[in-house]
Amino acid sequence: MSADTVIGQLTGPQFTRITGLGSYRPERVVTNADLEQILDTNDEWIRSRVGIAERHFAGDHESVAMMGAEAGRLAIADAGLQPSDIDTVLVATCTLPSQMPHASTQVAARLGIVAPGSFDINAACAGFCYGLAVASSLIRAGDAQHVLLVGAEKLTDWIDPTDRANAIIFGDGAGAVVVSGSETPEIGPVSWGCSIDNTETIHIKDRNSFVYQEGQTVFRWATSAIAPVAIDAAAKAGVSLADIDVLAPHQANLRIVDSIAKKVIAAGAHPDLVVIRDIVTTGNTSSGSIPIGLDRARAAGEVKSGDLVLAVGYGAGLTYGSQVFRLP
Ligand code: UT7
């Protein structure tokens with residue numbers, strides 16, 4: 001073999017965009033009053049400390065793969081595509097019940113997407129922003145044309161129902177987008193990283209364990225470290241904060257959402273920009289929270305196609321990621 005042999009390189013479109021958006025929330029709604037029946041908690045504490053009024057808990061038939069596939073089906077239809085147009089499936093999740101097979105191949109099977117590249121991303125609650133960066137890069141490299149990116153979680157499989165600190169926060173659900181090539185830049189560069197001093201502050205130790213989190217430590221980190229990540233993502237995209245229409249932070253705690261919004265506004269964003277506050281009726285769905293929140297806001301007419309979104313995810317790891325993109 002010749003040392004001179006050149007390995008051919010694929011090249012994709014210079015730019016990418018989100019072409020479709022969809023979400024799925026489980027049928028069962030669990031209110032704070034419902035939780036008061038089984039836990040030493042109360043509506044006033046939950047609303048004032050976390051901002052949640054109700055969340056959705058998945059039933060037996062609503063698995064990570066099932067919810068992810070339903071969200072994916074809607075996103076593909078929203079993009080005006082068929083499942084056969086999708087060549088890569090990525091699922092961001094940290095709550096799959098089994099190590100194998102991975103969620104992406106299960107979602108592909110449910111949707112009848114034949115032979116896609118498929119792998120999962122576990123960056124916990126930052127998973128959606130990580131996945132968006134990977135999807136965008138795959139397309140720009142020429143390795144994929146239409147990527148289905150899903151954020152899907154069944155957190156109730158991993159929460160101790162008697163642990164009042166965690167059982168009131170988390171919910172189940174899935175959100176999805178289709179990422180495609182574009183003639184104009186509609187997804188900005190990612191600003192991401194992880195805090196290696198805090199790797200254990202949120203964890204599930206092993207298959208017999210539940211979610212553990214040092215709430216106060218994570219709260220302090222989220223309210224100090226995350227707004228600068230979002231501001232950096234806007235700078236990397238060359239976008240003025242004043243031009244951002246929608247701020248879509250991960251929905252971990254309404255007080256954290258409001259703290260991030262305050263800092264982003266103080267840095268130059270418009271005081272009236274739309275801030276996604278879907279946690280109130282969906283709870284914390286980890287990697288699902290950003291696409292679920294955006295899809296619900298779009299359905300409610302609070303945001304519209306073409307709006308410029310600044311999304312920022314953060315969570316276990318501790319991991320964070322942010323980018324600017326335009327809503328489909
Ligand atoms: O999504 C991944 C990233 N995660 C986050 O960003 C979460 C960040 N952390 C938080 O959002 C908050 O720290 C929590 C919502 C997790 C907890 O809220 P907190 O205001 O930090 O409460 P705390 O854990 O400091 O507890 C304060 C008090 C304690 O009672 P004492 O010791 O002061 O008597 C708790 O036992 O509130 C008590 N408490 C509750 N009371 C009623 C804890 N959970 C509950 C509850 N109902 N469900």
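Helices (H or I, at least four residues) and strands (E, at least two) are DSSP runs, numbered from the N terminus. The exercises below use a predicted model.

**Exercise 1. The annotated C-terminal domain**

Task: State which residues the UniProt domain annotation covers, and how far apart the end C-alpha atoms of that stretch are.

Solution. Step 1: the unreviewed UniProt entry places "domain: Beta-ketoacyl-[acyl-carrier-protein] synthase III C-terminal" on residues 235-326. Step 2: over residues 235-326, helix accounts for 33% of the chain and strand for 24%. Step 3: the end C-alpha atoms of this stretch are 16 Å apart.

**Exercise 2. The annotated active site**

Task: Determine where the residues annotated as "active site" lie relative to one another and which of them line the largest pocket.

Solution. Step 1: in the unreviewed UniProt entry, the annotation "active site" covers Cys125, His250 and Asn284. Step 2: these residues span 160 residues in sequence, but no two of their C-alpha atoms are more than 9.0 Å apart, so they gather at one spot. Step 3: the lining of the largest pocket includes Cys125, His250 and Asn284.

**Exercise 3. Surroundings of His250 and Asn284**

Task: For His250, decide whether the residue is buried or exposed; do likewise for Asn284. Then list contacts of His250 and of Asn284.

Solution. Step 1: His250 sits in the loop between strand E11 (246-249) and helix H8 (254-266), while Asn284 is in the loop between helix H9 (279-282) and helix H10 (289-299). Step 2: buried means under 20% relative accessible area. His250 has 1% relative accessibility and therefore counts as buried; Asn284 has 4% and therefore counts as buried. Step 3: leaving aside neighbours within four places in sequence, His250 contacts Cys125 and Asn284, and among its other partners are Val257, Ser286 and Tyr314. With residues up to four places away not counted, Asn284 touches Cys125 and His250, and its partners also include Ile52, Leu155, Phe170 and Gln251.

**Exercise 4. The open sheet containing E11**

Task: Give the strand order of the open sheet of 5 strands, identify its edges, and describe how H8 packs on the sheet.

Solution. Step 1: the order is E8-E14-E13-E11-E12, with mixed pairing. Step 2: strand E8 (191-194) and strand E12 (274-275) each have a single partner strand, so each has one side without a neighbour in the sheet and stands at an edge. Step 3: E11 and E12 run parallel and are joined by 2 bridges; Leu247 stands opposite Val275 in E12. Step 4: H8 packs on the sheet and touches E11, E12 and strand E13 (308-315), with its direction at about 140° to that of E11.

**Exercise 5. Helix H5**

Task: Check the end-to-end span of helix H5 (residues 127-141) against 1.5 Å a residue.

Solution. Step 1: the expected span is 1.5 Å times one less than the number of residues. Step 2: for the 15 residues of H5 this should be 21 Å, and the end C-alpha atoms are 21 Å apart, which agrees. Step 3: the buried residues of H5 include Phe128, Tyr130, Leu132 and Ile139. Step 4: just after H5, Gly142 has a positive phi of about 90°.

**Exercise 6. Strand E6 and its partners**

Task: State how many residues of strand E6 (residues 146-154) are buried, and in which sense E6 pairs with E4 and with E7.

Solution. Step 1: 8 of the 9 residues of E6 are buried. Step 2: strand E4 (residues 88-92) pairs with E6 in the parallel sense over 5 bridges, and Val91 has Val150 in E6 as its bridge partner. Step 3: E6 and strand E7 (residues 172-182) run antiparallel, joined by 9 bridges; the bridge partner of Leu149 in E7 is Val177.

Note on methods
Residues are numbered from 1 along each chain as its sequence is written. This is a predicted model: local features need pLDDT of at least 70, side-chain atom pairs count only at pLDDT 80 or more; totals for chains, interfaces and linings use all residues. Side-chain values use heavy atoms; hydrogens and water are left out. UniProt positions are given in the numbering used here, feature names are shortened, and annotations may be inferred rather than shown by experiment. On a 1 Å grid over the protein atoms alone, a cavity is a set of points where a 1.4 Å probe fits but cannot get out, and a pocket is an open set with protein on both sides within 12 Å along at least five of seven lines; lining residues have an atom within 4 Å of a point. Buried means under 20% relative accessible area, exposed over 50%, partly exposed in between (1.4 Å probe, protein chains only). Contact means heavy atoms within 4.5 Å. Two strands pair if DSSP finds at least two bridges between them. Axes are lines fitted to C-alpha atoms, for helices over the stretch in contact, and angles run from 0 to 180 degrees between N-to-C directions.
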